[in-house]
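Below are my notes on the model you sent. They are set out as numbered points, with the terms explained where they come up.

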Amino acid sequence: MTVREAALEVLRRHGLTTIFANPGSTEVPFLAGLPSDLRFVLGLHEGTVVGMATGWAIARGEPSLALLHTTAGLGNAVGALATARVNRAPLVVLVGQQDRRHLAFEPFLAGKLEGLAGRYPVWSDQPARPADVPGAIARAWHEARDGRGPAIVTVPMDDWAADAAGEPAAPRSVLRAGGVNGSAVDALVAMLESADAPVVVVGAGADDPAAWAGLVRLAERLGCPVWQEAFGARAGFPQDHPRFAGHLPAGRGALRTALAGHDLVLAIGAPVFRQYEYEPGRLVDGGTRVAVVTDDPDEAHRSAADLAVLASPAAVCAALAERVGERDDVLSPAGGAPAASPPADGEPLRATHVLAALADRLPRDVVVVEETPSSRPDLHRLLRAREPLGFLSAAMGGLGFALPAAVGVRLARPDRPVVAVVGDGSSLYAIQALWSAARYRAGVLFVILSNGGYAIMDRLAGGRGPWPSFDDVDVAGLARALACPAVSVDGYDDVVAAFDEVVPGLATREDPLVLDVSVQP
Ligand SMILES: Cc1ncc(C[n+]2csc(CCOP(=O)(O)OP(=O)(O)O)c2C)c(N)n1
Ligand SMILES: [Mg+2]
């Protein structure tokens, strides 16, 4: 058996039968004559390849497979790999390399690949012998899954034809113990019972159906507000639930104010605390104790907490909901979503009007992929996640995620309607993803909020930044040039008409659609 045949068996065994790729000559020995049970998905840039693989992995909760071309391919993908790591998306990444037999001569396309992706991969390897490649791919699958990030295997192009003799250095399967240790639950129960006014903070690490169910039961028993972490990548609690208090502020002063009056903060699937702009002062008031529950060791280890419990948030919430006594409401949370309003007479169309019109029409199970920097707070206020996987964003803030990730999500979960809400500037970092969306029939609705520039940057610089606006860029035209259907929309009535036409069919839509909406910053 060749290394290639053995590797294909590993891919099949682990469900890695969709290959997101941008190939080059060093990958041809692997790809030429690919068996028909493996599906090849071309991205026209490696940021798009990895972004699609990331959306796919998040939507399925299983590792996905990306194939990249030596230094140029891996280099182009580094930002997207970093996003995958911070988004905790498990990825197996195969990187092609020149032929081992003359690597020492540094031939054309020889890659100095080691360390190129920095500290972002959870694991990386160039197998010592060709025969170790299948085992390395199997190990990468386990490393990606348990480490929740990209695991990289570099494969010299002559390895695929080599003999695969010997056993792989990886188990066929790894079973992870579920459940939660009793003493950890005891410690949390003791903290909760000695608190007068607890509050729950949820984060991206609590975005799964079991965690949501446990958190709802827990919040109802505690009668306390539930806040979503600031700048989180995913929603950790149903945002239409009466206990939902909103998104925490990203600076220390407002954070202290939001949490004032609580003597215990219980953070579930969130670090303590996710911040954006630096502000001096404490994170919480002096007497407030803090506990964090997460299955991410990094998140636990960098949290300013009195107690960190490393365990599945879902298992801990279920156990806590059984154990804690029922309380009366401690504090009332912030209340429901504000009603939508069209622009007043003569008022220009703004992002809020578009988002409100969308909010009125989107189905409960929609996946909203966000990348709209200047209107993100409005999006949070208006488009509330009502089902797990209802909200997705780039955890680290690197632009170029939303377009390809939305494609990956839709390909992985054709049962879920997918809407990407994207700034015009953001759309240009991975615009090629629109071609893949059209080619592979990912029926995503892309709502581009075209304000002609980097509005958030203009705001931060007090309007004095040296960057020009780019209202001469035609995003809908670019989309059409990439074979993706696109319409330019001006004015509130046209926006509403477009949503009324498109949104009801989102669940079954196969063609993507770009709505390029002109808005005032
Ligand atoms: C890859 C990358 N490059 C640059 C930035 C810095 N950045 C953050 S927001 C932003 C502007 C985004 O513009 P747009 O998508 O049009 O949103 P708007 O601010 O206009 O709402 C830029 C350039 C980034 N986050 N990621
Ligand atoms: Mg813009």
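**Notes on the model**

1. The domain assignment, automatic or from a database, splits the protein chain into domain 1 (3-161), domain 2 (182-323) and domain 3 (351-518). This is a predicted model, in which local features need pLDDT of at least 70 and side-chain atom pairs count only at pLDDT 80 or more, while totals for chains, interfaces and linings use all residues. Residues are numbered from 1 along each chain as its sequence is written, and chains are lettered from A and ligands numbered from 1 in the order in which they are written.

2. The centres of domain 2 and domain 3, taken over C-alpha atoms, are separated by 30 Å. Where these domains meet, 12 residues of domain 2 are in contact with 12 residues of domain 3 (contact: C-beta atoms, placed from the backbone, within 7 Å). On the side of domain 2 that touches domain 3 there are 6 nonpolar, 2 polar and 4 charged residues. Here Ala, Val, Leu, Ile, Met, Phe, Trp, Tyr, Cys and Pro count as nonpolar, Asp, Glu, Lys and Arg as charged, and the others, Gly among them, as polar.

3. In secondary structure, the protein chain has 18 helices and 18 strands (DSSP runs numbered from the N terminus: H or I of at least four residues for helices, E of at least two for strands). Its radius of gyration is 24 Å, close to the 24 Å that the globule rule gives for 521 residues, so the chain is as compact as a globular protein of that length. That radius is taken over C-alpha atoms, and the rule is 2.2 Å times the number of residues to the power 0.38. The C-alpha trace spans about 70 × 60 × 45 Å along its principal axes.

4. Of the 521 residues, 54% count as buried. A residue is buried if 20 or more other C-beta atoms lie within 10 Å of its own, exposed if 12 or fewer, and partly exposed in between, with C-beta atoms placed from the backbone. Among contacts in the chain with a separation of 6 or more, 78% join residues 24 or more positions apart.

5. The largest nonpolar core has 172 residues, and A420 and V447 have the most contacts inside it. Such a core is a set of buried Ala, Val, Leu, Ile, Met, Phe, Trp, Tyr and Cys residues joined through C-beta atoms within 7 Å. Beyond its neighbours within four places in sequence, V447 is in contact with V354, L358, V419, A420, V421, L515 and V517.

6. Which residues are closest to ligand 1? They are S374, G423, G425, S426 and A455, in a shell of 20 residues (C-beta atom, placed from the backbone, within 6 Å of the molecule). Two elements, α14 (424-427) and α16 (455-460), give two or more residues to this shell. By type, the shell holds 7 nonpolar, 12 polar and 1 charged.

7. Helix α10 (residues 313-323) is mostly covered, with 8 of its 11 residues buried. The cover over those buried residues includes α6 (182-193), α7 (209-222), β10 (264-268), β11 (289-294) and β12 (307-310).

8. A57 lies in helix α3 (residues 46-60). Why does A57 count as buried? Because 31 other C-beta atoms lie within 10 Å of A57. Not counting residues up to four places away in sequence, A57 touches E62, P63, S64, A89, P90 and L91.

Key. Two residues are in contact if their C-beta atoms, placed from the backbone, lie within 7 Å.
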